[in-house]
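Trainee: I keep tripping over the labels people put on structures. Can we go through one and check each label against its cut-off?

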Amino acid sequence: MDKISAMKAYVKVVESTTFAGAAEVLHTSPVYVTRMIQALESDLGVKLLIRTTRRSKPTDAGMRYYERCVALLRDVEEMDADVQASRGSRSGIVRVSMPSLVAKSVVIPALPNFLADNPDIQLDISIADQYPDLIEEGLDCAVRVGPVSELGVVAKTVGFYKTLTYASPDYIRAHGEPLTLDDLSHHLGVNYAMKSGRIRSWEFLEANEVRSVVLKSAILVNDADTYVACGLAGLGLIQGGTFVLDPHVRSGRLTKVLKDYPSNPRPVSVVYMPNRTRPRRVDIFIDWLIDLYSVQLAD
């Protein structure tokens, strides 16, 4: 049995939930995939999958084995990349995750320069406002906005986003402009649901103290683009980083309100796994991200 090939087959079965799906991804037959999984289970002496007529689900041991397989297969890929790097090559794919608004506002506009300077690097960008697991998603690095609570990752803080409150001209015409935090009892806010299901609180700095305010709301969303769209549509007040929302101020679609009551600045970090054999292309991209965000946040 080619154990690396068996591991690849097993990973694809878990990710696609079916043997047929794994076979399609691997460009082989379901019979081949079945034999590989059976040989793997026999070699390990452990049942890895619970099979039904519709799908296959990993056992507890199978899920642990899947996570280790993903990490090991990525190490194999990185070893190949290191050999290329020893010949002066910086080619390959960098898989990165970042929130949609920061990608559109900061990273994507700057990518032409990066790709021109690094023509052998390809980027696989996953847009995710909720934070995916680096190992589970096969990511090389990610941009995080807010405190980093993940265990076992390296997090380089590159700066802090200044966060303010905004309203559309239509909202202000309909409801007036809040001038103090006490005025907020007469206003509406667009609520944002976090990955945990918790609704993000409305927090303001008043005399260097954090004050939480409860706002009435007619709408709850869990996507950053939709959140901003609701603010632009006049459905309520919204809060966000100045680097994201100030372009809408310059276009006249949003107005800053409660400027004397900012929110706590939110840290921005680049996170990655502490892997000594990380490919050179990943380090190049991480260094570029750090420089890019440092310049943007200093503006």
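Mentor: Sure. Start with the salt bridge: a side-chain nitrogen of Lys or Arg within 4 Å of a carboxyl oxygen of Asp or Glu. This is a predicted model, and the structure holds nine such bridges.

Trainee: What makes K3 and D43 a salt bridge?

Mentor: The closest N and O atoms of K3 and D43 are 2.9 Å apart. The cut-off is within 4 Å, so the pair qualifies. It links distant parts of the chain, with K3 in helix α1 (residues 3–16) and D43 in helix α3, 40 residues apart.

Trainee: And why are E15 and K12 said to be separated by about one helical turn?

Mentor: Because they sit three residues apart in helix α1. Their side chains also meet in a salt bridge, at 3.7 Å from N to O.

Trainee: Why is D246 called buried?

Mentor: Buried means under 20% relative accessible area. D246 has 16%, so it is buried. Its salt-bridge partner is K256, with the closest N and O atoms 3.4 Å apart.

Trainee: Why does K256 count as partly exposed, then?

Mentor: Partly exposed covers the range between under 20% and over 50%. K256 comes in at 25% relative accessibility, so it gets that label.

Trainee: Which residues are linked in a network of salt bridges?

Mentor: That would be D182, E206 and R211.

Trainee: Let's switch to charge patches. What makes E136 eligible for one?

Mentor: A patch residue needs over 30% relative accessible area and no salt bridge. E136 has 45% relative accessibility, so it passes the area test, and it counts as partly exposed. E136 gathers with E67, D133 and E137 in a patch of negative charge on the surface. As for its place, E136 is in the loop between β4 (121–127) and β5 (141–145).

Trainee: What makes the phi of H27 worth a second look?

Mentor: Most residues other than glycine have a negative phi. H27 is not a glycine, yet its phi is positive, about 60°. N208 also has a positive phi, near 65°. H27 lies in the loop between α2 (19–26) and α3 (30–44), while N208 is in the loop between β9 (202–206) and β10 (209–213).

Trainee: Why do H27 and N208 count as exposed?

Mentor: Exposed means over 50%. H27 is at 76% relative accessibility, so it counts as exposed, and N208 earns the label at 74%.

Trainee: How many of the residues count as buried?

Mentor: Of the 299 residues of the protein chain, 42% do.

Note on methods: Residues numbered from 1 in each chain as written. Predicted model: local features only at pLDDT ≥ 70, side-chain atom pairs only at ≥ 80, totals over all residues. Heavy atoms only, no water. Patch = residues over 30% accessible without salt bridge, like charges linked within 9 Å, V, L, I, M, F, W, Y side chains within 5 Å. Areas by Shrake-Rupley, 256 points an atom, 1.4 Å probe, with all protein chains shown as cover. Lys, Arg positive; Asp, Glu negative; His and termini not counted. Charge placed at Lys NZ, Arg CZ, Asp CG, Glu CD. Helix = DSSP H or I, 4+ residues; strand = E, 2+ residues; numbered from the N terminus. Buried < 20%, exposed > 50% of the residue type's maximum accessible area, 1.4 Å probe, protein only.
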